[in-house]
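Welcome! Please take a moment with the sequence and the model below before reading on.

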Amino acid sequence: MLCKYVRHNKMSSGDKGVQGLQYLNYFSYSLKFLLLNVSLFYLKQDKRAFTTQIFPALVFSNEGGFYMSGNREYKSDVFSMLMQDKERALQLYNAMNGSSYDNPEDVEMVIHDGGISLSVRNDASFIVDARLSIYEHQSTVCPNMPVRSLIYFSVILSDMLSDKKKGTKSGKNIYGRRLVKIPTPHFVVFYNGEEEQPEVQELKLSDAFEKPTDEPNLELKCKVYNINDGKNKAIMESCGWLNDYMTFVNKVREYHADGAFDDLAIDIEKAIDYCIDNDILKEFLKTYRSEVTKSMQLNYEFDRQLELERADAIEEGMEIGIEKGANKMLFTLVTKGKLDIDTAAEEAGVSVSEFEKLMREAGYKVPETV
(Lines give C-alpha, C1' and ligand atoms only; values in the text may rest on other atoms or scores of the structure.)
Protein backbone atom coordinates (compact mmCIF):
# COMPACT_ATOMS: atom_id res chain seq x y z
CA MET A 1 0.00 0.00 0.00
CA LEU A 2 1.32 3.39 -0.93
CA CYS A 3 1.50 6.00 1.78
CA LYS A 4 2.18 9.72 1.59
CA TYR A 5 3.40 11.80 4.51
CA VAL A 6 1.39 15.00 4.88
CA ARG A 7 2.44 18.00 6.91
CA HIS A 8 -0.48 19.50 8.76
CA ASN A 9 0.11 23.16 7.99
CA LYS A 10 -2.61 25.71 7.60
CA MET A 11 -4.00 25.57 4.07
CA SER A 12 -6.40 27.65 2.10
CA SER A 13 -9.70 26.11 0.99
CA GLY A 14 -8.25 25.89 -2.53
CA ASP A 15 -5.20 23.99 -1.28
CA LYS A 16 -7.45 21.65 0.68
CA GLY A 17 -9.44 21.00 -2.47
CA VAL A 18 -6.29 20.15 -4.40
CA GLN A 19 -5.10 17.86 -1.62
CA GLY A 20 -8.50 16.19 -1.58
CA LEU A 21 -8.22 15.45 -5.29
CA GLN A 22 -4.72 14.07 -4.73
CA TYR A 23 -6.03 11.73 -2.03
CA LEU A 24 -8.81 10.64 -4.36
CA ASN A 25 -6.27 9.91 -7.11
CA TYR A 26 -4.03 7.94 -4.73
CA PHE A 27 -7.04 5.93 -3.57
CA SER A 28 -8.17 5.33 -7.15
CA TYR A 29 -4.78 4.02 -8.29
CA SER A 30 -4.37 1.92 -5.14
CA LEU A 31 -7.79 0.36 -5.67
CA LYS A 32 -7.01 -0.23 -9.34
CA PHE A 33 -3.73 -1.88 -8.37
CA LEU A 34 -5.48 -4.13 -5.85
CA LEU A 35 -8.28 -5.19 -8.22
CA LEU A 36 -5.89 -5.98 -11.05
CA ASN A 37 -3.71 -8.14 -8.84
CA VAL A 38 -6.58 -9.96 -7.19
CA SER A 39 -8.15 -10.76 -10.56
CA LEU A 40 -4.83 -11.88 -12.01
CA PHE A 41 -3.68 -13.94 -9.07
CA TYR A 42 -6.90 -15.79 -8.41
CA LEU A 43 -8.34 -15.98 -11.94
CA LYS A 44 -5.32 -16.18 -14.21
CA GLN A 45 -2.49 -17.25 -11.87
CA ASP A 46 -0.30 -14.89 -13.88
CA LYS A 47 3.39 -14.59 -12.94
CA ARG A 48 3.23 -10.82 -12.97
CA ALA A 49 0.50 -10.88 -10.31
CA PHE A 50 2.46 -13.49 -8.38
CA THR A 51 5.42 -11.09 -8.48
CA THR A 52 3.47 -8.51 -6.52
CA GLN A 53 2.57 -11.07 -3.86
CA ILE A 54 6.24 -11.90 -3.25
CA PHE A 55 7.61 -8.37 -3.65
CA PRO A 56 5.13 -5.90 -2.15
CA ALA A 57 7.65 -3.10 -2.80
CA LEU A 58 6.39 -3.11 -6.38
CA VAL A 59 4.10 -0.17 -7.06
CA PHE A 60 1.70 0.80 -9.83
CA SER A 61 2.65 3.84 -11.88
CA ASN A 62 0.30 6.26 -13.65
CA GLU A 63 1.92 5.20 -16.93
CA GLY A 64 0.83 1.60 -16.39
CA GLY A 65 3.79 -0.47 -15.21
CA PHE A 66 5.32 -2.16 -12.22
CA TYR A 67 8.43 -0.49 -10.82
CA MET A 68 10.95 -1.34 -8.16
CA SER A 69 12.56 1.26 -5.93
CA GLY A 70 14.86 3.49 -7.95
CA ASN A 71 12.18 3.70 -10.67
CA ARG A 72 13.74 0.78 -12.61
CA GLU A 73 11.11 -1.24 -14.46
CA TYR A 74 11.07 -4.81 -13.24
CA LYS A 75 10.25 -7.55 -15.74
CA SER A 76 8.83 -10.78 -14.37
CA ASP A 77 10.62 -12.98 -16.90
CA VAL A 78 14.22 -12.98 -18.15
CA PHE A 79 13.01 -13.75 -21.67
CA SER A 80 10.84 -10.61 -21.72
CA MET A 81 13.77 -8.58 -20.38
CA LEU A 82 15.98 -9.80 -23.23
CA MET A 83 13.27 -9.09 -25.79
CA GLN A 84 13.13 -5.41 -24.90
CA ASP A 85 16.26 -4.94 -27.00
CA LYS A 86 15.41 -4.25 -30.66
CA GLU A 87 18.52 -6.01 -31.96
CA ARG A 88 17.65 -9.21 -30.12
CA ALA A 89 14.01 -8.98 -31.22
CA LEU A 90 15.09 -8.61 -34.83
CA GLN A 91 17.52 -11.51 -34.59
CA LEU A 92 14.80 -13.80 -33.26
CA TYR A 93 12.34 -12.53 -35.88
CA ASN A 94 14.82 -13.40 -38.65
CA ALA A 95 15.41 -16.85 -37.17
CA MET A 96 11.66 -17.54 -37.01
CA ASN A 97 10.84 -16.23 -40.48
CA GLY A 98 13.96 -16.98 -42.51
CA SER A 99 14.38 -13.26 -43.21
CA SER A 100 17.50 -11.10 -43.19
CA TYR A 101 16.53 -7.70 -41.83
CA ASP A 102 19.61 -5.97 -40.46
CA ASN A 103 18.40 -2.60 -39.14
CA PRO A 104 17.12 -2.75 -35.53
CA GLU A 105 15.29 0.52 -36.16
CA ASP A 106 12.95 -1.44 -38.45
CA VAL A 107 11.54 -2.91 -35.22
CA GLU A 108 8.64 -1.08 -33.59
CA MET A 109 8.20 -2.31 -30.03
CA VAL A 110 4.56 -2.57 -28.96
CA ILE A 111 4.06 -1.42 -25.38
CA HIS A 112 0.67 -1.62 -23.70
CA ASP A 113 0.04 1.48 -21.66
CA GLY A 114 -2.26 1.75 -18.68
CA GLY A 115 -5.80 0.53 -18.07
CA ILE A 116 -6.79 -3.11 -18.13
CA SER A 117 -4.12 -3.85 -20.75
CA LEU A 118 -1.66 -4.18 -17.87
CA SER A 119 -3.37 -7.36 -16.74
CA VAL A 120 -2.94 -9.16 -20.05
CA ARG A 121 0.49 -7.94 -21.10
CA ASN A 122 2.40 -10.68 -22.88
CA ASP A 123 6.18 -11.16 -22.91
CA ALA A 124 7.04 -9.46 -26.21
CA SER A 125 5.16 -7.76 -29.04
CA PHE A 126 6.75 -5.91 -31.93
CA ILE A 127 6.16 -4.97 -35.56
CA VAL A 128 8.51 -5.58 -38.46
CA ASP A 129 7.39 -4.80 -42.02
CA ALA A 130 3.68 -4.58 -41.10
CA ARG A 131 3.85 -7.98 -39.36
CA LEU A 132 2.93 -8.09 -35.67
CA SER A 133 4.84 -10.74 -33.73
CA ILE A 134 3.29 -11.70 -30.41
CA TYR A 135 5.82 -13.87 -28.59
CA GLU A 136 5.29 -15.62 -25.27
CA HIS A 137 7.69 -17.67 -23.17
CA GLN A 138 6.38 -20.59 -21.10
CA SER A 139 8.07 -22.95 -18.66
CA THR A 140 4.82 -24.83 -18.03
CA VAL A 141 2.51 -26.54 -20.50
CA CYS A 142 -0.53 -24.37 -21.26
CA PRO A 143 -3.13 -25.51 -23.83
CA ASN A 144 -4.95 -22.19 -23.43
CA MET A 145 -2.37 -20.14 -25.30
CA PRO A 146 -4.70 -19.46 -28.29
CA VAL A 147 -7.28 -17.96 -25.94
CA ARG A 148 -4.63 -15.91 -24.17
CA SER A 149 -3.15 -14.84 -27.51
CA LEU A 150 -6.57 -13.67 -28.65
CA ILE A 151 -6.81 -11.48 -25.55
CA TYR A 152 -3.29 -10.13 -26.09
CA PHE A 153 -4.08 -9.29 -29.70
CA SER A 154 -7.39 -7.63 -28.81
CA VAL A 155 -5.68 -5.36 -26.28
CA ILE A 156 -2.85 -4.49 -28.66
CA LEU A 157 -5.28 -3.81 -31.50
CA SER A 158 -7.44 -1.64 -29.28
CA ASP A 159 -4.40 0.47 -28.39
CA MET A 160 -3.37 0.74 -32.03
CA LEU A 161 -6.77 1.82 -33.27
CA SER A 162 -7.15 4.42 -30.54
CA ASP A 163 -3.72 5.89 -31.33
CA LYS A 164 -2.91 6.25 -27.63
CA LYS A 165 0.80 6.40 -28.27
CA LYS A 166 0.43 9.32 -30.65
CA GLY A 167 -1.55 11.31 -28.14
CA THR A 168 -4.48 11.83 -30.51
CA LYS A 169 -8.11 11.76 -29.49
CA SER A 170 -9.66 10.63 -32.75
CA GLY A 171 -7.97 7.30 -33.46
CA LYS A 172 -8.81 5.28 -36.54
CA ASN A 173 -12.43 5.15 -37.66
CA ILE A 174 -13.42 1.48 -37.78
CA TYR A 175 -17.03 2.56 -38.44
CA GLY A 176 -16.17 4.48 -41.61
CA ARG A 177 -16.33 3.44 -45.26
CA ARG A 178 -12.57 3.19 -45.68
CA LEU A 179 -10.94 -0.14 -44.79
CA VAL A 180 -8.67 0.19 -41.77
CA LYS A 181 -5.46 -1.79 -42.24
CA ILE A 182 -3.87 -3.63 -39.32
CA PRO A 183 -0.55 -5.49 -39.00
CA THR A 184 -0.62 -9.20 -39.82
CA PRO A 185 -0.40 -11.07 -36.48
CA HIS A 186 1.87 -14.01 -35.82
CA PHE A 187 1.52 -15.93 -32.53
CA VAL A 188 4.47 -17.89 -31.14
CA VAL A 189 5.21 -19.57 -27.81
CA PHE A 190 8.72 -20.60 -26.79
CA TYR A 191 8.53 -23.52 -24.37
CA ASN A 192 11.48 -24.49 -22.16
CA GLY A 193 9.82 -26.45 -19.36
CA GLU A 194 11.02 -29.82 -18.10
CA GLU A 195 7.97 -31.81 -19.23
CA GLU A 196 8.53 -33.74 -22.46
CA GLN A 197 6.85 -31.91 -25.35
CA PRO A 198 6.95 -32.11 -29.18
CA GLU A 199 9.54 -30.09 -31.06
CA VAL A 200 6.79 -28.03 -32.71
CA GLN A 201 3.05 -28.11 -32.21
CA GLU A 202 0.15 -25.97 -33.37
CA LEU A 203 -2.62 -24.99 -30.98
CA LYS A 204 -5.94 -23.70 -32.32
CA LEU A 205 -8.53 -21.47 -30.74
CA SER A 206 -11.28 -23.69 -32.15
CA ASP A 207 -9.98 -26.59 -30.01
CA ALA A 208 -11.41 -24.72 -27.01
CA PHE A 209 -14.91 -24.37 -28.49
CA GLU A 210 -17.49 -26.30 -26.47
CA LYS A 211 -19.29 -27.21 -29.70
CA PRO A 212 -16.68 -28.20 -32.31
CA THR A 213 -17.15 -27.01 -35.88
CA ASP A 214 -15.30 -27.78 -39.11
CA GLU A 215 -15.60 -24.16 -40.27
CA PRO A 216 -15.13 -21.85 -37.29
CA ASN A 217 -16.02 -18.21 -37.88
CA LEU A 218 -13.15 -17.24 -35.62
CA GLU A 219 -9.81 -19.03 -35.63
CA LEU A 220 -6.39 -18.32 -34.17
CA LYS A 221 -3.37 -20.55 -34.61
CA CYS A 222 -0.50 -20.47 -32.17
CA LYS A 223 2.80 -22.26 -32.84
CA VAL A 224 4.64 -23.68 -29.83
CA TYR A 225 8.38 -24.24 -30.26
CA ASN A 226 10.30 -26.39 -27.81
CA ILE A 227 13.66 -24.67 -27.22
CA ASN A 228 15.18 -27.25 -24.89
CA ASP A 229 18.46 -28.98 -25.76
CA GLY A 230 18.39 -30.77 -29.10
CA LYS A 231 15.10 -29.19 -30.20
CA ASN A 232 14.65 -26.77 -33.14
CA LYS A 233 18.36 -26.63 -33.84
CA ALA A 234 17.98 -24.38 -36.90
CA ILE A 235 16.28 -21.66 -34.83
CA MET A 236 18.73 -21.96 -31.95
CA GLU A 237 21.74 -21.77 -34.28
CA SER A 238 20.30 -18.75 -36.10
CA CYS A 239 19.55 -16.87 -32.88
CA GLY A 240 22.67 -16.86 -30.72
CA TRP A 241 21.18 -15.05 -27.75
CA LEU A 242 18.23 -17.49 -27.50
CA ASN A 243 20.71 -20.34 -27.40
CA ASP A 244 22.69 -18.47 -24.72
CA TYR A 245 19.50 -17.91 -22.74
CA MET A 246 18.85 -21.66 -22.68
CA THR A 247 22.45 -22.27 -21.62
CA PHE A 248 21.85 -19.99 -18.64
CA VAL A 249 18.53 -21.70 -17.81
CA ASN A 250 20.16 -25.13 -18.00
CA LYS A 251 22.99 -24.00 -15.74
CA VAL A 252 20.49 -22.86 -13.12
CA ARG A 253 18.80 -26.26 -13.35
CA GLU A 254 22.14 -28.04 -13.12
CA TYR A 255 23.34 -26.15 -10.05
CA HIS A 256 19.94 -26.37 -8.35
CA ALA A 257 19.14 -29.97 -9.32
CA ASP A 258 18.85 -31.26 -5.75
CA GLY A 259 19.13 -28.03 -3.82
CA ALA A 260 16.80 -26.62 -1.20
CA PHE A 261 14.76 -23.56 -2.09
CA ASP A 262 16.80 -21.52 0.40
CA ASP A 263 19.85 -22.19 -1.81
CA LEU A 264 18.12 -21.07 -5.02
CA ALA A 265 19.53 -17.52 -5.05
CA ILE A 266 23.05 -18.87 -4.52
CA ASP A 267 22.63 -21.37 -7.37
CA ILE A 268 21.31 -18.65 -9.70
CA GLU A 269 24.29 -16.46 -8.82
CA LYS A 270 26.62 -19.38 -9.64
CA ALA A 271 24.93 -19.80 -13.02
CA ILE A 272 25.29 -16.07 -13.70
CA ASP A 273 29.00 -16.22 -12.80
CA TYR A 274 29.49 -19.19 -15.12
CA CYS A 275 27.82 -17.40 -18.02
CA ILE A 276 29.74 -14.17 -17.49
CA ASP A 277 33.04 -16.08 -17.29
CA ASN A 278 32.18 -17.89 -20.54
CA ASP A 279 30.90 -14.81 -22.42
CA ILE A 280 27.28 -16.01 -22.41
CA LEU A 281 24.89 -13.04 -22.23
CA LYS A 282 27.81 -11.39 -20.48
CA GLU A 283 26.88 -7.70 -20.72
CA PHE A 284 23.20 -8.36 -20.09
CA LEU A 285 23.85 -10.41 -16.96
CA LYS A 286 26.40 -7.93 -15.63
CA THR A 287 23.96 -5.05 -16.12
CA TYR A 288 20.79 -6.76 -14.84
CA ARG A 289 22.26 -9.27 -12.40
CA SER A 290 19.97 -8.34 -9.50
CA GLU A 291 16.82 -8.29 -11.64
CA VAL A 292 17.68 -11.62 -13.27
CA THR A 293 18.25 -13.27 -9.88
CA LYS A 294 14.92 -12.04 -8.53
CA SER A 295 13.14 -13.00 -11.73
CA MET A 296 14.46 -16.56 -11.72
CA GLN A 297 13.54 -16.93 -8.04
CA LEU A 298 10.00 -15.84 -8.80
CA ASN A 299 9.69 -18.23 -11.73
CA TYR A 300 10.91 -21.16 -9.66
CA GLU A 301 8.60 -20.28 -6.77
CA PHE A 302 5.64 -19.85 -9.13
CA ASP A 303 6.27 -23.18 -10.88
CA ARG A 304 6.77 -24.91 -7.53
CA GLN A 305 3.46 -23.50 -6.30
CA LEU A 306 1.72 -24.82 -9.42
CA GLU A 307 3.21 -28.28 -8.83
CA LEU A 308 2.02 -28.28 -5.22
CA GLU A 309 -1.47 -27.20 -6.29
CA ARG A 310 -1.59 -29.93 -8.95
CA ALA A 311 -0.50 -32.54 -6.40
CA ASP A 312 -3.14 -31.33 -3.92
CA ALA A 313 -5.81 -31.35 -6.64
CA ILE A 314 -4.91 -34.91 -7.68
CA GLU A 315 -4.97 -36.12 -4.08
CA GLU A 316 -8.26 -34.35 -3.41
CA GLY A 317 -9.72 -35.74 -6.62
CA MET A 318 -8.74 -39.28 -5.64
CA GLU A 319 -10.28 -38.86 -2.21
CA ILE A 320 -13.50 -37.51 -3.71
CA GLY A 321 -13.53 -40.32 -6.26
CA ILE A 322 -13.07 -42.96 -3.60
CA GLU A 323 -15.77 -41.39 -1.45
CA LYS A 324 -18.21 -41.17 -4.36
CA GLY A 325 -17.46 -44.74 -5.37
CA ALA A 326 -18.06 -46.01 -1.86
CA ASN A 327 -21.28 -44.03 -1.55
CA LYS A 328 -22.50 -45.31 -4.92
CA MET A 329 -21.97 -48.88 -3.74
CA LEU A 330 -23.91 -48.15 -0.54
CA PHE A 331 -26.73 -46.48 -2.49
CA THR A 332 -27.01 -49.54 -4.74
CA LEU A 333 -27.10 -51.97 -1.81
CA VAL A 334 -29.78 -49.91 -0.05
CA THR A 335 -31.87 -49.62 -3.23
CA LYS A 336 -31.73 -53.38 -3.81
CA GLY A 337 -32.72 -54.02 -0.22
CA LYS A 338 -29.45 -55.75 0.64
CA LEU A 339 -28.47 -53.18 3.26
CA ASP A 340 -30.64 -51.18 5.63
CA ILE A 341 -30.34 -47.42 5.46
CA ASP A 342 -29.26 -47.02 9.10
CA THR A 343 -26.24 -49.29 8.59
CA ALA A 344 -25.41 -47.59 5.26
CA ALA A 345 -25.48 -44.14 6.86
CA GLU A 346 -23.21 -45.35 9.63
CA GLU A 347 -20.77 -46.75 7.05
CA ALA A 348 -20.77 -43.42 5.21
CA GLY A 349 -20.19 -41.53 8.45
CA VAL A 350 -23.29 -39.34 8.13
CA SER A 351 -26.73 -39.14 9.66
CA VAL A 352 -29.63 -41.03 8.11
CA SER A 353 -31.26 -37.82 6.89
CA GLU A 354 -27.97 -36.67 5.30
CA PHE A 355 -27.52 -40.10 3.67
CA GLU A 356 -31.05 -39.91 2.21
CA LYS A 357 -30.26 -36.44 0.86
CA LEU A 358 -27.06 -37.75 -0.78
CA MET A 359 -29.03 -40.60 -2.36
CA ARG A 360 -31.58 -38.22 -3.87
CA GLU A 361 -28.86 -35.89 -5.19
CA ALA A 362 -27.17 -38.87 -6.85
CA GLY A 363 -30.44 -39.89 -8.53
CA TYR A 364 -31.24 -42.89 -6.32
CA LYS A 365 -34.69 -43.61 -4.92
CA VAL A 366 -34.82 -43.63 -1.13
CA PRO A 367 -36.74 -46.72 0.07
CA GLU A 368 -39.83 -46.11 2.14
CA THR A 369 -39.48 -46.97 5.80
CA VAL A 370 -42.06 -49.28 7.34
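This report walks through some strands, a histidine, the nonpolar cores, the cysteines and two helices.

## Strands side by side

Keep in mind as you look around that this is a predicted model. A good place to begin is strand E6, which covers residues 184–191. Eight bridges connect E6 with strand E5, residues 131–138, and the two pair in the parallel sense. To find this pairing in the viewer, look for Arg131, whose bridge partner in E6 is Thr184.

E6 is also joined to strand E8, residues 221–226. Here there are five bridges, and these strands run parallel too. A handy marker for this pairing is Val189, whose bridge partner in E8 is Val224.

## A histidine in E5

Now turn to His137, which belongs to strand E5. Is His137 buried or exposed? With a relative accessible area of 6%, His137 is buried.

Its side chain has polar company. One polar contact, of 3.2 Å, links the side chains of His137 and Asp77, and another, of 3.1 Å, links the side chain of His137 to that of Asn192. Leaving aside residues up to four places away in sequence, His137 touches Asp77, Phe79, Asp123, Phe190, Asn192 and Tyr245.

## Two nonpolar cores

In soluble globular proteins, nonpolar side chains tend to be buried together. In this model, the largest nonpolar core has 43 residues. Which residues have the most contacts inside this core? They are Leu92, Tyr135, Phe190 and Leu242. Helix H7, residues 240–255, supplies the largest share of the core, with seven residues.

Tyr135 is worth a closer look. Not counting residues up to four places away in sequence, the residues that Tyr135 touches include Met83, Leu92, Tyr93, Met96, Val188 and Phe190. Asn97, Asn122 and Asp123 are also among them. Apart from the largest core lies another, of 20 residues, including Met145, Leu161, Val189 and Cys222. Val189 is the residue paired with Val224 in E8.

## The cysteines

How many disulfides does the model have? The count is zero. Cys222 is in no disulfide, and the nearest cysteine sulfur, that of Cys142, is 9.3 Å away. A disulfide needs the two sulfur atoms to be within 2.5 Å, so a pair at that distance does not qualify.

Cys222 is buried, with a relative accessible area of 0%. Cys275 is buried as well, at 0% relative accessibility.

## A lysine in H7

Back in helix H7 you will find Lys251. Its relative accessible area is 14%, and Lys251 counts as buried because the cut-off for buried is under 20%. Among residues over four places away in sequence, Lys251 touches Ala271 and Tyr274.

## Helix H11, from start to end

The last stop is helix H11, residues 341–348. At its start, a side-chain oxygen of Asp340 comes to within 3.2 Å of the backbone nitrogen of Asp342. After the helix comes Gly349, with a positive phi near 80°.

Which residues of H11 are buried? They are Ile341, Ala344 and Ala345. Looking down the axis of H11, these buried residues fall within an arc of 100°, so they line one face of the helix. On the other side of H11, Glu346 and Glu347 are exposed.

Notes
Residues are numbered from 1 along each chain as its sequence is written. This is a predicted model: local features need pLDDT of at least 70, side-chain atom pairs count only at pLDDT 80 or more; totals for chains, interfaces and linings use all residues. Side-chain values use heavy atoms; hydrogens and water are left out. Two strands pair if DSSP finds at least two bridges between them. Helices (H or I, at least four residues) and strands (E, at least two) are DSSP runs, numbered from the N terminus. Buried means under 20% relative accessible area, exposed over 50%, partly exposed in between (1.4 Å probe, protein chains only). The arc is that of the directions from the helix axis to the C-beta atoms. A polar contact is a pair of N or O atoms within 3.5 Å; within protein, one must be able to donate a hydrogen and the other to accept it, and residues adjacent in sequence count only if both atoms are side-chain atoms. Contact means heavy atoms within 4.5 Å. A nonpolar core is a set of buried Ala, Val, Leu, Ile, Met, Phe, Trp, Tyr and Cys residues joined through side-chain atoms within 4.5 Å.
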